[in-house]
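Grab a coffee and open the viewer. Here are some short exercises, each with a solution worked through in steps.

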Amino acid sequence: MSTILKGAPVVAAMNEANAARCAALREKGVVPTLAVVRVGERPDDLSYEKGVMARCAKVGVEVKQFLLPADASQEELLRVIAGINADAAIHGCLLFRPLPKQFDDRTIRAALSPEKDIDGITDGSLAGVFTNTAVGYPPCTAQACLEILKFYNIPLSGRRAVVVGRSLVVGKPAAMMLDRENATVTLCNSRTQSLPDVCREADVVVVAMGRMGFIGAEHLRAGQVVVDVGIHVNEEGRLCGDVRFGEAEPVVEAITPVPGGVGTVTTSVLVSHVVEAAEKAASE
């Protein structure tokens, strides 16, 4: 039986740390503040927004909502973003995507200042991840994978890591962040030849393919740590991941659950980015 790397203890530790940091900032007269920008009312956006606001309230981060109708123009959204960029009292911005079809995503992303991009969506933030410089912030889900590994004291330096999935949201930034921890990283995709063999060579496997049950027992071996980023609804209406948990759990040393794993930590990472941005502003 493997160790289940639950997200709840990670979240509790991050909440405690973020609350203490917020309290210290407020003593200096700085109120950590997040701008939430939403166009329309997609159910998944509303659900995530509710969770973000609850997490922010728990630790002392203020939230300002900028809500636009689904038929808003690109010019309207650009004006909102420009205002957020210019407002020194706002430290971070969460922009819900995908945007409606009338928007050019690249133009919108480019308009947001990387210093306020706490969700890692701008080219500047991604450049910071790939060059290991303090420009913007890494994508929250990618960092959540690392936060879990660090919390559970999973050694990374000198170990082999395989990342399955090459998106800019998780796969590629997670690979760079693992490299920063001195892991030897292999970045794979659905066309990687002999993928089961490659995965079995790893000490740590991060799976972010976005395909339900893509990874099974044939990809895994004893002693591995598996981080499952995927989240899907199966035919029975239950949440599940990119890894076939029932096959993996008896084999590997440790594994994140779905639900209750990476997804639960992502929001706390976002909040910690807001706090960090406020700390930077306070030190200037």
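**Exercise 1. Unusual backbone spots**

In which loop is S194 found? Once you have found the loop, work through the other backbone oddities in this predicted model.

*Solution.* Start with the position: S194 sits in the loop between β6 (184–188) and α8 (195–200). Next, check the backbone angle. Phi of S194 is near 55 degrees, a positive value in a residue other than glycine. Why flag that? Because most residues other than glycine have a negative phi, and most peptide bonds are trans.

Now look for another case of positive phi. N132 isn't a glycine either, and its phi is about 55 degrees. You'll find N132 in the loop between α5 and α6.

Finally, turn to the peptide bonds. The bond from R97 to P98 is cis, with omega near 5 degrees, and P98 belongs to the loop between β4 and α4 (105–111). The bond from V258 to P259 is cis too, with omega near 0 degrees. P259 has its place in the loop between β11 (254–255) and α10.

**Exercise 2. A helix pair**

Work out how helix α1 (residues 7–27) and helix α6 (residues 140–151) are arranged, and which residues make the contact.

*Solution.* Two packed helices are described by the angle between their axes and the distance between the axes, so get those values first. Here the angle is about 95 degrees and the axes are 10 Å apart. An angle of 65 to 115 degrees counts as roughly perpendicular, and α1 and α6 are therefore roughly perpendicular to each other.

Then list the contact residues: α1 brings P9, V10, A13 and M14, while α6 brings E147, I148 and F151. Sort them by class and you get six nonpolar residues, no polar ones and one charged.

**Exercise 3. The largest pocket**

Describe the largest pocket by its volume, its lining and the elements that build the lining.

*Solution.* Volume first: about 1,300 Å³ of space lies in this pocket. Then the lining, which counts 44 residues, with Y48, T141, V169, I231 and T266 nearest the centre.

Which elements give two or more residues to the lining? They are α2 (43–59), β4 (92–95), α5 (123–131), α6 and α10 (262–283). The biggest giver is α2, with seven residues. As for chemistry, the lining of the largest pocket has 21 nonpolar, 14 polar and nine charged residues.

**Exercise 4. The second largest pocket**

Do the same for the second largest pocket, and say which element gives the most to its lining.

*Solution.* The volume comes to about 310 Å³. There are 20 lining residues, and those closest to the centre are N132, P138, Q143, M177 and R180. Notice N132 in that list: that's the residue with the positive phi from Exercise 1.

Elements giving two or more residues to this lining are α5, α6, α7 (171–180) and α10. Top of the list is α6, with four residues. By class, the lining of the second largest pocket splits into seven nonpolar, seven polar and six charged.

**Exercise 5. An annotated span**

Find out what the UniProt record says about residues 5–119, then describe that span in the model.

*Solution.* Begin with the record: the unreviewed UniProt entry annotates residues 5–119 as "domain: Tetrahydrofolate dehydrogenase/cyclohydrolase catalytic". Then go to the model, where the end C-alpha atoms of residues 5–119 lie 23 Å apart. The span is 50% helix and 16% strand.

How values were computed: Residues are numbered from 1 along each chain as its sequence is written. This is a predicted model: local features need pLDDT of at least 70, side-chain atom pairs count only at pLDDT 80 or more; totals for chains, interfaces and linings use all residues. Side-chain values use heavy atoms; hydrogens and water are left out. Axes are lines fitted to C-alpha atoms, for helices over the stretch in contact, and angles run from 0 to 180 degrees between N-to-C directions. Angles under 35 degrees count as roughly parallel, over 145 as roughly antiparallel, 65 to 115 as roughly perpendicular and the rest as oblique. Contact means heavy atoms within 4.5 Å. Ala, Val, Leu, Ile, Met, Phe, Trp, Tyr, Cys and Pro count as nonpolar, Asp, Glu, Lys and Arg as charged, and the others, Gly among them, as polar. On a 1 Å grid over the protein atoms alone, a cavity is a set of points where a 1.4 Å probe fits but cannot get out, and a pocket is an open set with protein on both sides within 12 Å along at least five of seven lines; lining residues have an atom within 4 Å of a point. Grid points are joined across faces, edges and corners, and a volume is the space filled by probe spheres set on the points. UniProt positions are given in the numbering used here, feature names are shortened, and annotations may be inferred rather than shown by experiment.
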